[in-house]
Amino acid sequence: MRRKEKKKKMSKEQSCVLKAWEVTVRKTQQAKKRANSIFGTVSVAPQTDDDTTTTTTDENDDESSTNRSSIGELYHAERILPNGDYYTGQWYDSFPHGHGKYLWTDGCMYIGEWYNGKTMGKGKFGWPSGATYEGEFKSGYMDGIGTYTGPSGDNYRGQWVMNLKHGHGIKSFANGDVYDGEWRRGLQESHGKYRWRDGSYYIGEWKSGMICGKGTFVWTDGSRYDGFWEEGFPSGNGTFKWEDGSFYVGHWSEDPEEMNGTYYPSRGEGNNLEWEPKDVFNNLSEYKICSGEKVPVLPSQKKLSVWNSSKRVEKPRRMSVDGRVSVGVDRAFEKMNMWGSESGEGAADIDSTTRRDLDAEMMRLEAEGFIQSLRPTPVPMRLPRAGRKQGETISKGHRNYELMLNLQLGIRHAVGKQAPVVSLDLKHSAFDPKEKVWTRFPPEGTKYTPPHQSSEFKWKDYCPLVFRSLRKLFKVDPADYMLSICGNDALRELSSPGKSGSFFYLTNDDRYMIKTMKKSETKVLLRMLAAYYNHVRAFENTLVIRFYGLHCVKLTGPIQKKVRFVIMGNLFCSEYSIHRRFDLKGSSLGRTTDKPESEINSNTILKDLDLNFIFRLQKAWYQEFIRQVDKDCEFLEQERIMDYSLLVGIHFREASVAGELIPSGARTPIGEFEDESAPRLSRADVDQLLSDPTRWASIRLGGNMPARAERTMRRSECEFQLVGEPTGEYYEVVMIFGIIDILQDYDISKKLEHAYKSIQYDPTSISAVDPRLYSRRFRDFIFKVFTEDN
C-alpha cells in the first residue's frame, strides 16, 4: 500500500514537471518558425511515413509521450531545441536514438540512423552548399561505405574511416579526371589508376597521394613509360616506348648528370633522333594530380543541442576501500528521482522495506539481463597532474657539460662532411662492425676539425654509410638533424638513469633522444644492424624504435674513458600532450609502478599491472597493427632479442573544466555549456586535423592515431590479473606507441636470471625468458590490450 502511495506521489510530481515542460515548448513558436523556414529551403529525399511527424496538440497525447520518455522508452518526438535546431524522429532519454532527421540552423541536415545522440548506421548528410554524403556513419564520423558529392561536381564512392577516404574507392573530379584504386588516410596509396580528362592515364603504385614505385604512364598518342617513379616523375630503371616500336632504356633522374640510357630505333626509319629524355619530364609536369574539393565542416564537428528536460544532480559519493565509488541502489534511485526536487528528497523519503524490495527486483532484472550490473563502478577518471618539462638543462658547470660539447662537435663533423646518399642498396661491407672512422679533436683544431674549448677527445663513427641511409629512409633532413642536436640550445639530461644504468638526453625540441650504451649493447646493435636495416626498409610502418646514429667519444688523458651512445627518435615528440604513459611487456613480476598516487603525474611511466584500459582501433588500423606487430616480433625473435616493450602514450580528447574525463557516448545532455578555455583537445580539434591534408602525414600506425580506450577494472581477488574486466566506459583518445629496448639479447646473464627467478616465482611471470617464449607472450598480451572497435 505504501509503495503505491509513493509511486502515485512520484507520478504526480513528474506530471507537474512535464506540464511545465510542455508550456515551455509552446513558448518557442518563434524558434519553430525560424527552423521551419530553414527546413523548407532544404531538399530532402522522400521518406516513409515513419520519418515525418507533426506536433500533437492534444494534452493527453503530450503527457503520454513525455511519460514514456521518463521511463526510458523509445518513442517518436518532434523537438525545437534551445538554439533553434530542429529534430523529428525517434527519441530516447534526451537523445536522438533510432531513425530521425536533424536540421541545424546553419542549414546542415542529417537524415538517418542514430544511437545515443550520435549518427550511427546508414544516413545522409547535407551541407548548405549542396554537397552531400550518403552512406555509413560511426560515432558521428563518415565511416564505412559511402558516397560524397561536392558542390562543384567532385564525387567519391568507396570506403571511409573516420572522415577520411581509406580503402578502395573511385574519385571523379570536377575537371574530368578519375582515380580508381586504393586510398589511405585520404590520399592515394598502394595501387591505383588515374585517368586525365585528355585520355592519358597512369596505372601502378602510389604513395601519400603521389605517383611513386613501379607503374606505367600511357599518353593519348600511344607512347608510354614503364618503370620506376618517385614523386610523380620517372626515377630509376625504366623504358620509354613510341607507337612505332622504337624505345629508350636506361636510368632516369631529374638530374641530367645521373641520367643515362640507350635509344633503340624501330625496324623502319627512326623518327625520334631529336628526342631527349628531359622532354618526358617537361611533358609530365603538365599532368597534375587533382587535389579535389575540401570537405566543408565535417559531420562529426556538428554539435547537437539536445533538449535537457531535467537538471543534473551531483550527489557526493562515498569512496570504497578499493578506490571505487559506492553506488549500488542509491544510484538507481537518483536516476528514478530525476524529475524530483534538486535536493533529492524523494529518494530520502523511501523507507527500508521499499529499498529492500527494489534491491531484490534490481538483482532479478540484472540476473535476467534486463539491466546492466549495479555493482560498484569505478571512480570518475581525471586528467593526471601535468608534469614539468622533462630533464635538466646541461649548462656550463654541469658534470656532463664537456661530454655534451664533444658529442655536438662530433655530430656536426660527421653529418656535415657526408655526401648525400645516392642509393639505398648497400654493400655487405657497409655493415661490417670494423667499418668505423676515428677522428681526433684537439682544442686548437686541425685541417678537418674546428677549434673548441673542451679537452682533446677522439670521435668514432660506427657504420656511417648505414646510418646515413637510415636517416634518409626515415626522411630526416641532415640540416634539421644537426640543428636539433648541435644548435645553440643545450641538451637536457633526464633526472635519473634507466634500470640498465644508461643515461638519457633529450634535444631541446624533443625530437631526438640520446642514450649512453654499454659495450654489450653496442655489439648487439652492430650484429643485428643489417637485419634491422632490411626490416625497416621493407616495412615502412614498423613499430620498432628508429636509430639514427651510433657513436663513441674517447676522452684522452690518464683515464682513457669511452662513452658509447646511440641517437634514437623520441617516440613522444608530438603536438599532443601525453596524459598517460605505459611500458607494456606482458609479464607480471615487478610490473607495477613503485610511486605513490600523490607522486604520479603525466610524465610517470606506468607498467602492465597499472594498465586500466583496452584500446579499440578502427578495423583498418587494427588489421595493420596486428600484421606489423607479428612482423616486428618475428624479426626480434630471429635476432634472439628479448625484454623489449611497447611504450604507449595516451592523449585524452575530452575533459571537463574541472579536469574530469568525459566518456564518449556518456548519458548526459550533449548541449550543456562547455568552457572553451579548458585545457583539452576537443573532437572538433581532431576533426580539423583530419580535414587538413597538410597534416594527414602526422597520422600513421603508432603515431597520433585516433582510437577509443575502454576502461577496465581488475577483480580484487586477482592480484596479478594482467588485463582487467571491461566496464563499457569509453574515452576518445589519440595514441602514440612503439617498440623500444630492443638491444637485450638472451645472453648468459639473462639465462642465469631466468634460472634464479624461476626457483622463487612462476617462470611465466618473469621478464627474462627465451626470445621465442617472450615473443609469444608479448603478442598474446598486446592482442588482448588492443582490439578491433566493433
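This passage describes the overall make-up of a predicted protein model, two of its residues and one of its internal cavities.

The protein contains 15 helices and 35 strands. Of its 790 residues, 48% are classed as buried. Contacts that span long stretches of the chain were also examined: among contacts between residues at least 6 apart in sequence, 55% join residues at least 24 apart.

Within this framework, the residue Q159 was considered in its strand. Q159 belongs to strand β8, which covers residues 155-161. The relative accessible area of Q159 is 32%, a value that falls between the limits of 20% for buried and 50% for exposed residues, and Q159 is therefore described as partly exposed. When neighbours within four places in sequence are set aside, Q159 is in contact with G144 and I145, and also with L164, K165, H166, G167 and H168. With H168 there is, in addition, a specific approach of polar atoms: the side chain of Q159 reaches the backbone nitrogen of H168 at 2.7 Å. A further relation links Q159 to R184, a residue 25 positions away along the chain, the two C-alpha atoms being separated by 9.9 Å.

The second residue, D177, is found in a loop rather than a strand. This loop connects β9 (164-172) with β10 (178-184). D177 is buried, yet no salt bridge is formed by this residue. The nearest side chain of opposite charge is that of R197, at a distance of 5.2 Å; a salt bridge requires the charged atoms to lie within 4 Å, so the R197 side chain is too far away to form one with D177. A polar contact is nevertheless present, since the side chain of D177 pairs with the side chain of Y194 at 2.9 Å. Apart from residues up to four places away in sequence, D177 touches K171 and S172, the run Y194, R195, W196 and R197, and also K288 and C290.

Attention was then turned to the enclosed spaces of the model. A search of the whole structure identified 8 cavities of 30 Å³ or more. The second largest cavity holds about 100 Å³ of space. Its lining includes K138, S139, Y141 and M162, together with R616, Q618, R653, P706, A707, R708, E732 and D789. Among the elements of secondary structure, strand β33 (residues 705-713) gives the most to this lining, with 3 residues.

Note on methods: Residues are numbered from 1 along each chain as its sequence is written. This is a predicted model: local features need pLDDT of at least 70, side-chain atom pairs count only at pLDDT 80 or more; totals for chains, interfaces and linings use all residues. Side-chain values use heavy atoms; hydrogens and water are left out. Helices (H or I, at least four residues) and strands (E, at least two) are DSSP runs, numbered from the N terminus. Buried means under 20% relative accessible area, exposed over 50%, partly exposed in between (1.4 Å probe, protein chains only). Lys and Arg count as positive and Asp and Glu as negative; His and the chain ends are not counted. A polar contact is a pair of N or O atoms within 3.5 Å; within protein, one must be able to donate a hydrogen and the other to accept it, and residues adjacent in sequence count only if both atoms are side-chain atoms. Contact means heavy atoms within 4.5 Å. On a 1 Å grid over the protein atoms alone, a cavity is a set of points where a 1.4 Å probe fits but cannot get out, and a pocket is an open set with protein on both sides within 12 Å along at least five of seven lines; lining residues have an atom within 4 Å of a point. Grid points are joined across faces, edges and corners, and a volume is the space filled by probe spheres set on the points.
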